[in-house]
Protein chains: 2
Amino acid sequence: MNEKQYLNEYQPKDYPVVLVTVDTVLFSFIKDELSVLLVKRNNHPYKGHWALPGGFVDQTQDPSLEHAASRNIREKTGIDASYLEQLATLGSGKRDPRGWSVSTAYTALIPHAKCEHFVDSVDDAAWFSVDEALRMKLAFDHTAIIRLALERQHQKALYSFVPVFGLTQPFTITDLRKAHETLIGKPIQRKSFIRRFESSDMFIDTGKVRQERGRPAALYKAKAAIKSFRFVRNLDE
Amino acid sequence: MNEKQYLNEYQPKDYPVVLVTVDTVLFSFIKDELSVLLVKRNNHPYKGHWALPGGFVDQTQDPSLEHAASRNIREKTGIDASYLEQLATLGSGKRDPRGWSVSTAYTALIPHAKCEHFVDSVDDAAWFSVDEALRMKLAFDHTAIIRLALERQHQKALYSFVPVFGLTQPFTITDLRKAHETLIGKPIQRKSFIRRFESSDMFIDTGKVRQERGRPAALYKAKAAIKSFRFVRNLDE
DNA sequence: TCCTTTAGTGACTTTAGGACACTATAGTGG
DNA sequence: CCACTATAGTGTCCTAAAGTCACTAAAGGA
């Protein structure tokens, strides 16, 4: 049998089906607090429970897994996440009562201001503080997925500037430091952070300043390459 | 409709099927050279091409994705990989001519001596040097998956002792350093490496030595916790 | 005995974060 | 106008850990 014949006769439904979904852990800083976007399920299973935004891959719309993830983000927030990272894939016969299921989890950080209005208009989506979300009984294994995402974001905050994607540009060094501190869960030495900020060469001084209380702070923008920037040395934990 | 009714009437095959596979990038050090295990496909598509060991999730045998990966490793090498890490999941409508397909890639390091005989007996499996494998026209997107695995192993060699899983225990410090050097692709300062080796407290001196040419070298075993050990600072690149 | 080879150590340099006090620049209230 | 407070930003010393490289240690072989 040649390949053409094989493909013509190939019937995938001769084999047991695996359900394929994506789930996204979307973080945002709301009043210096780390928040995660959840969606209320209005279908079985776990009907009425809160869950991570996500769903089945749609072969008519999604050329790739990552597309499925960003489509889900867009549907719930109205924006495209400029930082979207694949976290892990969970697959087992037990995680979904409908059958053997595989879910690829993604995580992203988005600036709250950019999507605040849209999220308010989507009536089954809402932001929860991470502490609160972890105490809730979420659908499927979504609590474990959030923990994985937190761990990943914590690590990234120690050796990269990925947390910058949770800020609206331009931003001050303190804005960025506070974002890191929120993800790490402890304060960072200001001087150390500023040194890393400057030595990284990943930021552009806009020349403008912002002033609230006290001395005005310089406003910066991040360069595009910041997404892949890495320090060789981690901050203290 | 309640949940029970929903589940009874749920027909997954009402939706287009997604093919779910796992692929494993299995590395081993053969004469200080990094090698990767490949398997010759004897079915369409890519019949006759070399590919990564892997295949469809088998719902009758595999309780989880990771189980599917280790089962594939066991089938081709006869051993259980004590270090098996999930790499990434690739999913698109184009990577497999049979349809929309998702593959979760795993990577592992195994000691060559432990599986040499078994692999020789499996006539469609063979070790290739990484350079050679990357020059070959492999099935699906397996060349890209190997590159991902190499990148991951390279990073791990800079901040962990994961490469130890490619060695037969006990081993000398030089054995381990050479493993790291192979993954990083450049020499490491002996003194720096020894300092890290000792400060990590992840090794047990067996009291025995091994001697080839020159002064005998102390033999060590790795502690179980080594899998999750991390340095805060990377080696130079 | 000396040469070669590989293992292991000593000691100085370099890098970069930690700590913390100091100065700078804004608003505010007497 | 002058403290006082708040936040931004700097100067300086300390410390941890890697880089460098020469030295010593212990084996076999000519």
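Through which surface do the copies, chain A and chain B, meet? Of the interface residues of chain B, 100% are also interface residues in chain A, so the copies meet through the same surface. The structure is a predicted model, in which local features need pLDDT of at least 70 and side-chain atom pairs count only at pLDDT 80 or more, while totals for chains, interfaces and linings use all residues. Residues are numbered from 1 along each chain as its sequence is written, chains are lettered from A and ligands numbered from 1 in the order in which they are written, and side-chain values use heavy atoms, with hydrogens and water left out.

Two copies of a chain are related by a rotation about an axis and a shift along it. Here a turn of 180° and a shift of 0.0 Å along the axis lay chain B on chain A with an RMSD of 0.0 Å; copies are superposed by least squares on the C-alpha atoms of residues with pLDDT of at least 70 in both. The two copies are thus related as by a two-fold rotation axis. In chain B, the C-alpha of Arg233(B) is nearest the axis, at 2.1 Å from it.

Chain A contains seven helices and nine strands. Helices (H or I, at least four residues) and strands (E, at least two) are DSSP runs, numbered from the N terminus. Along the principal axes, the C-alpha atoms of chain A fill a box of roughly 70 × 45 × 30 Å. Of the 237 residues in chain A, 51% are buried. Buried means under 20% relative accessible area, exposed over 50%, and partly exposed in between (1.4 Å probe, protein chains only). Among contacts (heavy atoms within 4.5 Å) in chain A with a separation of 6 or more, 65% are between residues 24 or more positions apart.

In soluble globular proteins, nonpolar side chains tend to be buried together. A nonpolar core is a set of buried Ala, Val, Leu, Ile, Met, Phe, Trp, Tyr and Cys residues joined through side-chain atoms within 4.5 Å. The largest such core has 49 residues, and those with the most contacts inside it are Leu65(A), Ile110(A), Trp127(A), Leu65(B) and Trp127(B). Residues up to four places away in sequence not being counted, Leu65(B) touches residues of chain A, including Trp100(A) and Val102(A), and residues of chain B, including Val22(B) and Tyr106(B). Apart from the largest core lies another, of 45 residues, among them Val36(B), Trp50(B), Leu109(B) and Ala179(B).

A charged side chain is also found among the buried residues. Lys76(A), in helix 2 (residues 65–77) of chain A, is buried, with a relative accessible area of 18%. Not counting residues up to four places away in sequence, the residues that Lys76(A) touches include Leu37(A), Val39(A), Phe118(A) and Asp124(A).The protein also meets two DNA strands. Around DNA strand D there are 22 residues, of which Arg190(A), Arg213(A), Ala218(A), Ser192(B) and Arg195(B) come nearest; a residue is near a strand if one of its heavy atoms lies within 4 Å of it. By class, this surface has five nonpolar, six polar and 11 charged residues. Ala, Val, Leu, Ile, Met, Phe, Trp, Tyr, Cys and Pro count as nonpolar, Asp, Glu, Lys and Arg as charged, and the others, Gly among them, as polar. Helix 7 (190–200) and strand 9 (217–222) of chain A, together with helix 7 (190–200) of chain B, each supply at least two residues of the surface. Of the atoms of DNA strand D within 4 Å of the protein, 57% belong to sugar or phosphate and the rest to bases. An N or O atom in the side chain of Arg195(B) is 2.7 Å from a base nitrogen of DNA strand D, and one in the side chain of Arg196(B) is 3.2 Å from a phosphate oxygen.

DNA strand C is surrounded by 23 residues, the closest being Gln189(A), Ser192(A), Arg195(A), Arg190(B) and Arg213(B). Sugar and phosphate account for 57% of the atoms of DNA strand C that come within 4 Å of the protein. The surface near DNA strand C has six nonpolar, six polar and 11 charged residues. A base nitrogen of DNA strand C lies 2.6 Å from an N or O atom in the side chain of Arg190(B), and a phosphate oxygen lies 3.2 Å from a polar side-chain atom of Thr174(B).

Most residues other than glycine have a negative phi, and most peptide bonds are trans. A cis peptide bond joins His44(A) and Pro45(A), with omega about -10°, and Pro45(A) is in the loop between strand 2 (33–40) and strand 3 (50–51) of chain A. Lys31(A), which is not a glycine, has a positive phi near 50° and counts as exposed at 80% relative accessibility.

Technical notes
A polar contact is a pair of N or O atoms within 3.5 Å; within protein, one must be able to donate a hydrogen and the other to accept it, and residues adjacent in sequence count only if both atoms are side-chain atoms.
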